[in-house]
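Dear colleague,

I am handing over the structure we spoke about, and I would be grateful if you could look through it with the notes below beside you.

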Amino acid sequence: MAIRLHNTLTKRKEEFVTMTPGVVKMFVCGPTVYGLSHVGHAKTYTQFDFVARYLKERGYQVTYAQNLTDVDDKIIRRANELGVDSRDLAAEYERHYLDDMAALHNTNVDVFGRAHDHIDEIVAQVQQLIERGHAYRLDDGWYYDLTTFPGYGKLSGRTEVKAEDSLARVDENEQKRNPGDFALWKARKPGEPYWATALGEGRPGWHIEDTAITEALFGPQYDLHGGAVDLIFPHHEAEIAQMEAASGLDPLARYWMHTGLLRVDGAKMSKSTGNFLTIRDILKTADFRTLRYAFLSQHYRSSMELNDTMLEQARAARRRVENFARLIDRSHEGSPASAALAREARDAIFERLDDDIDTPGALAVLFDYIREQNRREEAPGTAALALLRDLDELFDAFDLDEHTTDDAEIEALLARRRELRQARKFGEADEIRKALQQRGIVIEDTPDTTRWWFTEEVTSV
């Protein structure tokens, strides 16, 4: 089955056909590095990390590029507030961002493009727009004239700003020809970084940074552009207007993928509004696997609210998979029937993922497989373990390693606990339960025996 993706540009699912067979050029809008990244960033970049992993798993040669906005109004404003150099501020928070991504195991970006490394390309692209009649000059810089590009709005279906749009980077100037016109190059102002160029002394506008970077990396057209849904308008519309007008080629990207927003108390998570939780904050209370599972248990296009309840559900769900893996006899090859069951589950999982990266559907198939395997008399064998390992290459949300926890030791402790309970020494018996719980082990008494499994992160292994 071919991969089908929901294309924001066409508003429908389409078969994924790349410009060069077997090769994917993929770009995702990265952060503006002026503060610590929040959990909304974690959702978007974890889900696109999965997309890159899956495309590689399906045999594509993937180049995944992400920009880092390190020249921007927000950075300058924050640097001035703190009394530091804007370049130093951006470099500091870029390091924090990369550390956060590593902590989340989002490791599939191949190229990071920084605006300050592409000033020449930015200037060249603005000059192309000027030569083609798409730009005009005002006293504070060069602007894009939206009336010269009839295709503006084809991604979002609109051309005017709405109240819910992010307006932090709307370039205001009463002399603009049209309200939506945006800055391509901003003239030098006191206390701001600048470059001396053919456009005059100044710095790039926000939108032009991305298209200059992607043109330098991929050329004027490439396969896949991603980002959060709040970037569709006006940022991604501006990217399309710039690159397609400068090159004369349509489309800029064949497929556009957008992730749903993360919400806190019903509102979008955003640094500009102060309604956010940093990645570092959340990693103090939830491990990276639980976070990855929480994000990937939702479809990438869906909005989600992250809260304690969802994290507990995610932790419990991934523990079900890990407990199943713990029960696998790794020396037991298993019967042909057991191998066939694992193979059928894998095919069904990949069929779900081929359908617009349906990660929740894929996880549902996995749990159906685990339930079916648990109903069988034959214990799961190496085929089951191979299936779990293959899936964890994609999800990176399960701890499948054999820990040094001594099962015989635990069974001996449980036997001692049973003896204590029979002797009605309940306090001493409960101390054993508490000690096991501290090691991440939960126990359940049944009429015939006592079952145990890992429930929290095991630290003493």
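What follows is an account of the sheets, the helices packed on them and the contacts between helices.

Please bear in mind throughout that this is a predicted model.

The parallel sheet

Five strands form an open sheet with parallel pairing, and their order across the sheet is 5-4-3-11-12. Strand 5 (111-114) and strand 12 (253-259) are the edge strands, each of them pairing on one side only, and the twist from one strand to the next averages 25°. Within this sheet, strand 3 (residues 23-28) is joined to strand 11 (residues 222-228) by three bridges in the parallel sense, with Phe 27 standing opposite His 225 and Val 28 standing opposite Gly 226. Strand 3 also pairs with strand 4, again in the parallel sense, over six bridges, and in that pairing Met 26 is placed opposite Tyr 64 of strand 4.

Two helices can be described against this sheet. Helix 1 packs on it and touches strand 3, strand 4 (61-68), strand 11 and strand 12, its direction making about 175° with that of strand 3. Helix 6 (residues 232-247) lies across strand 3, strand 11 and strand 12, and runs at about 160° to strand 11. Strand 3, helix 1 and strand 4 together make a β-α-β unit, which is right-handed.

Helix 1 and its helical partners

Beyond the sheet, helix 1 takes part in contacts with helix 8 and helix 10. The axes of helix 1 and helix 8 (residues 288-296) come within 9 Å and cross at roughly 80°, and the two helices are therefore roughly perpendicular to each other. On the helix 1 side this contact involves Val 39, Ala 42, Lys 43, Thr 46, Gln 47, Asp 49, Phe 50 and Arg 53, which meet Arg 292, Phe 295 and Leu 296 of helix 8. Sorted by class, the residues of this contact are five nonpolar, two polar and four charged.

With helix 10 (residues 336-354), helix 1 (residues 39-57) packs at an angle of about 125°, the axes being 12 Å apart, and that angle makes helix 1 oblique to helix 10. The crossing of helix 1 and helix 10 is left-handed. The contact is made by Phe 50, Tyr 54 and Glu 57 from helix 1, together with Arg 346, Phe 350, Leu 353 and Asp 354 from helix 10, and these residues divide into four nonpolar, no polar and three charged. You may wish to look at Phe 50 in particular, since that residue is listed both in the contact with helix 8 and in the contact with helix 10.The antiparallel sheet and helix 4

A further set of five strands forms an open sheet in the order 6-7-8-10-9, and here the pairing is antiparallel. Strand 6 (135-138) and strand 9 (195-197) stand at its edges with a single partner strand each, so one side of each is left without a neighbour in the sheet. Neighbouring strands of this sheet are turned against each other by 40° on average, direction ignored. Strand 9 runs antiparallel to strand 10 (residues 200-204), and three bridges join the two, with Thr 197 standing opposite Gly 200 of strand 10. Helix 4 packs on the sheet, where it touches strand 6, strand 7 (141-144), strand 8 (183-187), strand 9 and strand 10, and its direction makes about 115° with that of strand 8.

Helix 4 (residues 119-131) also packs against helix 5 (residues 206-218), at an angle of about 105° and with the axes 9 Å apart, which makes helix 4 roughly perpendicular to helix 5. From helix 4, Glu 121, Ile 122, Gln 125, Val 126, Gln 128 and Leu 129 meet Ile 208, Glu 209, Thr 211, Ala 212, Glu 215 and Ala 216 in helix 5. By class, this contact has six nonpolar, three polar and three charged residues.

A note on Arg 12

Finally, Arg 12 is found in strand 2 (residues 12-15). Leaving aside neighbours within four places in sequence, Arg 12 is in contact with Leu 5, His 6 and Asn 7. The C-alpha atoms of Arg 12 and Ala 415, which are 403 residues apart along the chain, are separated by 59 Å.

With best wishes

Note on methods:
Residues are numbered from 1 along each chain as its sequence is written. This is a predicted model: local features need pLDDT of at least 70, side-chain atom pairs count only at pLDDT 80 or more; totals for chains, interfaces and linings use all residues. Side-chain values use heavy atoms; hydrogens and water are left out. Axes are lines fitted to C-alpha atoms, for helices over the stretch in contact, and angles run from 0 to 180 degrees between N-to-C directions. Helices (H or I, at least four residues) and strands (E, at least two) are DSSP runs, numbered from the N terminus. Angles under 35 degrees count as roughly parallel, over 145 as roughly antiparallel, 65 to 115 as roughly perpendicular and the rest as oblique. A crossing is left-handed if the near helix is turned anticlockwise from the far one by less than a right angle, and right-handed if clockwise. Contact means heavy atoms within 4.5 Å. Ala, Val, Leu, Ile, Met, Phe, Trp, Tyr, Cys and Pro count as nonpolar, Asp, Glu, Lys and Arg as charged, and the others, Gly among them, as polar. Two strands pair if DSSP finds at least two bridges between them. A crossover is right-handed if, with the strands pointing away from the viewer, the path from the first strand over the helix to the second runs clockwise.
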